[in-house]
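Reader: I am new to reading structures, and I would like to understand how the words used for them are justified. Could we go through some of them together?

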Amino acid sequence: MPEKVLMKGNEALAEAAIMAGCRYFFGYPITPQTEVAMHMSKRMPKVGGVYLQAESEVAAINMVLGASAAGARAMTSSSSPGISLKSEGLSYIAGSDVPAVIANVQRAGPGLGGIQPSQADYFQATRAAGHGDFKMLVLAPSTVQEIIDLVADAFALGDEYRMPVMILSDGLLGQMMEPVVIDETKKINIPERPWAISGHENKRKHNVVNSLYIEPPDLEAILKARYEKYELIKKKEQRCEEYMTDDAEIVVVAYGASARISRSAVDAARKDGIKAGLIRLITLWPYPDDAIISRMATAKAFLCVEMSMGQMVDDVRLIVGGKRDVRFFGRTGGMIPTPAEVLREIKNIKGGF
Amino acid sequence: MKFERPHALTDAQFHYCPGCSHGIVHRLVAEAIDELGVEGRTAGVASVGCSVFAYNYFNCDMIQSPHGRAQAVATGIKRVHPENIVFTYQGDGDLAAIGTAETVHAATRGENITVIFINNAIYGMTGGQMAPTTLPGQITQTTPYGRSVKDAGHPIRVCEMLSTLDGVALAQRVSVDSVKNVKQAKNAIRKAFEYQIEGRGYTIVEVLSTCPTNWGLSIQDSLEWLRNNMMPYYPLGVYKDTGGKEAVK
């Protein structure tokens with residue numbers, strides 16, 4: 001049994017990528033994700049990999065496009081303002097059916113915003129990561145251990161579906177230290193990429209990695225096929241963790257750092273005799289629709305807790321379709337909600353029954 | 001002697017306008033790939049602009065990059081396959097406007113790639129707007145009164161600029177307006193690929209090119225215009241060549 005070690009979220013993220021077989025990291029400094037790049041620059045030369053500090057986030061994501069299209073597991077990481085710069089590359093990566101892993105250690109926006117934790121990039125990650133019709137898989141860890149586990153999944157899912165996968169972390173998870181288990185005996189399976197730009201060696205027709213389809217019927221057909229894949233992903237890959245939801249009248253919905261806080265609030269509510277529960281989202285896209293729908297059986301109200309002005313709550317409203325009360329509580333700008341604040345919201349809702 | 005299509009070119013018909021230099025330069029690149037016998041381990045990066053469809057024309061593995069990012073994409077490929085030959089094929093808008101940062105930094109890193117740079121002093125694909133290399137006084141769709149240096153600034157001389165960077169192994173400006181110059185261009189392109197094979201670092205061949213369609217000139221007149229206007233501003237020649245020195249890698 002591997003022993004427990006104490007690790008910072010950002011370092012764990014980097015180390016997990018190396019364990020997943022990622023040997024190409026293209027970075028650019030930005031708070032609060034810089035430890036990812038720092039760790040990569042230290043470790044990559046030791047494992048025969050490449051750490052390259054790009055001239056910009058724009059260049060970094062395009063280096064990922066090149067390295068991944070060349071057949072290797074590659075990643076980049078940044079924080080919110082830097083992710084905005086990567087949106088062009090994300091669109092091309094998705095449009096070219098190239099796998100890639102991108103970590104966003106979120107900070108407050110808009111603009112330069114602040115350097116404290118935030119979850120205000122939910123819309124960007126799940127709705128509009130770049131121009132055009134496309135989706136990214138979005139995974140939201142809430143502990144340092146889960147960062148490690150989900151980074152491994154991100155590379156596997158990216159390869160399986162040939163698409164970009166985002167780890168949506170935040171400054172709180174990135175900067176905190178927790179004991180983790182790193183299982184180095186775990187076997188990783190990196191599938192072949194027969195479509196890669198690796199040189200045809202006069203053995204096959206030349207490969208082309210491309211997102212341009214100048215004939216509208218061709219592009220429409222490509223997009224429709226890609227959206228069929230997205231439908232399959234929606235069926236197969238929804239993930240969440242439910243906590244005390246079996247009889248819950250008030251279902252708190254949260255992810256990442258705010259889910260940790262919400263869990264404490266649910267515990268406190270239960271102590272006060274309130275039937276509260278928590279759906280902690282692990283995939284943000286695909287959204288765990290099924291869990292919300294099944295909880296409508298007992299739920300009188302859903303309470304979405306976010307470190308934003310309210311973004312993820314829109315998805316719950318869409319799923320619930322006006323049939324249940326959907327409330328929102330959030331702190332933003334780098335402020336972090338407290339369990340007491342969330343408990344107060346739960347009690348407010350309970351008072352209205 | 002039979003004049004045949006180089007193997008490194010597919011049999012797809014070029015979509016380029018009559019008198020455009022792309023066809024000649026594509027052929028020269030393909031000939032160099034054939035002569036060096038590296039088609040099976042070459043990756044080309046097509047950029048945004050008229051030459052975006054280069055992925056249809058070259059027989060080696062090809063990738064299409066976002067506007068201006070070809071050298072970042074090429075960097076990613078090269079780092080994964082350092083033994084392979086990686087080239088970008090970029091126009092002046094792509095390389096010297098939106099992709100200036102990617103160009104300068106790939107060059108200063110000494111990224112072991114070859115850049116084929118088409119300088120025709122105009123944005124072709126979008127219909128003839130001012131490029132970073134548009135000459136002072138030159139009329140384009142977005143400089144209808146001629147490029148005013150006061151308002152629009154000066155053109156960029158790319159080879160001169162990049163030759164100041166330590167990572168550059170070869171920076172040469174050529175033209176394909178005459179048989180003599182085509183031969184010289186071919187030699188430069190082949191040399192750039194050879195330097196890459198030897199691991200010398202960043203190589204760039206700038207090709208002064210014609211765009212009769214967007215210049216609003218006949219094919220013959222556009223060749224004259226290139227000689228009379230572009231060559232004085234962008235002198236042909238070798239701006240950097242580390243050929244005599246030890247390979248850097």
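**Reasoning from values to words**

Author: Let us begin with a helix in this predicted model: in α3(B), the residues Ala70(B), Gln71(B), Ala72(B), Val73(B), Ala74(B), Thr75(B), Gly76(B), Ile77(B), Lys78(B) and Val80(B) are buried.

Reader: What makes helix α3 of chain B mostly covered?

Author: The helix runs over residues 70-80, and 10 of its 11 residues are buried, where buried stands for a relative accessible area under 20%. In chain B as a whole, 59% of the 249 residues count as buried.

Reader: How do you know that chain B is as compact as a globular protein of that length?

Author: Chain B has 10 helices and 7 strands. Its radius of gyration is 17 Å, and the globule rule gives 18 Å for 249 residues; the two values are close, so chain B is as compact as a globular protein of that length. Along its principal axes, the C-alpha trace of chain B spans about 50 × 40 × 35 Å. Of the contacts in chain B with a separation of 6 or more, 69% are accounted for by residues 24 or more positions apart.

Reader: Why is Cys60(B) not bonded to Cys20(B), the cysteine with the closest sulfur?

Author: A disulfide is a covalent bond between the sulfur atoms of two cysteines. The pair counts as one when the sulfur atoms lie within 2.5 Å, and the sulfur of Cys60(B) is 19 Å from that of Cys20(B), so it is too far for a bond. Cys60(B) is also buried, with a relative accessible area of 0%.

Reader: What is the distance from Cys211(B) to the nearest cysteine sulfur?

Author: The nearest cysteine sulfur, that of Cys50(B), is 6.3 Å away, and Cys211(B) is in no disulfide. Over all chains, the count of disulfides comes to 0. Cys211(B) has a relative accessible area of 9%, which is under 20%, and therefore it is called buried.

Reader: Why is Gly171(A) called buried?

Author: Its relative accessibility is 6%, and because the limit for buried is under 20%, Gly171(A) counts as buried. Gly171(A) is found in helix α7 of chain A, which covers residues 171-175.

Reader: Which residues does Gly171(A) touch, leaving out those up to four places away in sequence?

Author: Gly171(A) touches Pro32(A), Val105(A), Gln106(A) and Pro117(A). The C-alpha atoms of Gly171(A) and Asn10(A) are separated by 9.0 Å, although these residues are 161 residues apart along the chain.

Notes:
Residues are numbered from 1 along each chain as its sequence is written. Chains are lettered from A and ligands numbered from 1 in the order in which they are written. This is a predicted model: local features need pLDDT of at least 70, side-chain atom pairs count only at pLDDT 80 or more; totals for chains, interfaces and linings use all residues. Side-chain values use heavy atoms; hydrogens and water are left out. Helices (H or I, at least four residues) and strands (E, at least two) are DSSP runs, numbered from the N terminus. The radius of gyration is taken over C-alpha atoms; the globule rule is 2.2 Å times the number of residues to the power 0.38. Buried means under 20% relative accessible area, exposed over 50%, partly exposed in between (1.4 Å probe, protein chains only). Contact means heavy atoms within 4.5 Å.
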